[in-house]
Amino acid sequence: MMRDNFFSEECIDEEKRRVKSQHEKCPICGFSLVATILYGDIGYSLQLSEQMEKREVVLGGCSIHPDMPRWQCTKCGTKFYKVR
């Protein structure tokens, strides 16, 4: 079950810190710049715009399902659930 504040800026920042601590790499090409995929009706903010420009986050669409990937490689575009 998703929390109401799952997509708040605080939760996004917390998720990015958690991901960064895992030495993320794409499981296909090994590239180390991996973006967090955000799902749902995401409101525009300056912070979100900056994160998208830096390729830290990508928008995944409005539909939310429990089995959707959490990260996307910014080089080859592979979407995946776990980081290595």
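## Exercises on a predicted fold

The protein has two helices and four strands, where helices (H or I, at least four residues) and strands (E, at least two) are DSSP runs numbered from the N terminus. This is a predicted model, in which local features need pLDDT of at least 70 and side-chain atom pairs count only at pLDDT 80 or more, while totals for chains, interfaces and linings use all residues. Residues are numbered from 1 along each chain as its sequence is written, and side-chain values use heavy atoms, with hydrogens and water left out.

### Exercise 1: Confidence

Find out where pLDDT stays under 50.

*Step 1.* Start with the average: pLDDT, the predictor's confidence in each residue from 0 to 100, has a mean of 79 over the protein. A score of at least 70 is reached by 71% of the residues.

*Step 2.* Now look at residues 1–5, where pLDDT stays under 50. The model gives this stretch three contacts beyond four places in sequence, a contact being heavy atoms within 4.5 Å. Where pLDDT is low, the predicted coordinates should not be read in detail.

### Exercise 2: The sheet

Work out the strand order of the open sheet and which strands stand at its edges.

*Step 1.* Walk along the chain from the N terminus: the elements run α-β-α-β-β-β.

*Step 2.* Put the four strands side by side, and the order is 2-1-3-4, with mixed pairing. Two strands pair if DSSP finds at least two bridges between them.

*Step 3.* Strand 2 (57–61) and strand 4 (79–80) each have a single partner strand, so one side of each is left without a neighbour in the sheet. These two are the edges.

*Step 4.* Zoom in on one pair: strand 1 (residues 34–39) and strand 2 run parallel and are joined by four bridges. Leu38 has Leu59 in strand 2 as its bridge partner.

### Exercise 3: Two sides of a helix

Decide which residues of helix 2 are buried and which are exposed.

*Step 1.* Apply the cut-offs: buried means under 20% relative accessible area, exposed over 50%, and partly exposed in between (1.4 Å probe, protein chains only).

*Step 2.* Within helix 2 (residues 46–53), the buried residues include Leu48, Ser49 and Gln51. They lie on the same side of helix 2, because they cover an arc of only 165° around the axis, taken from the directions from the helix axis to the C-beta atoms.

*Step 3.* Turn to the other side of helix 2, where Leu46 and Glu53 are exposed.

*Step 4.* Follow the chain onward to Arg55, in the loop between helix 2 and strand 2. Its phi is near 60°, a positive value in a residue other than glycine. Arg55 is partly exposed, at 38% relative accessible area.

### Exercise 4: The cysteines

How many disulfides does the structure hold?

*Step 1.* Recall the chemistry: a disulfide is a covalent bond between the sulfur atoms of two cysteines. The cut-off used here is a pair of cysteine sulfur atoms within 2.5 Å.

*Step 2.* The count is zero. Cys26 is in no disulfide, and the nearest cysteine sulfur, that of Cys76, is 3.7 Å away.

*Step 3.* Check Cys73 too: its closest cysteine sulfur, in Cys29, is 3.6 Å away, too far for a bond.

*Step 4.* Add the burial: Cys26 is buried, at a relative accessible area of 3%, and Cys73 is also buried, at 2%.
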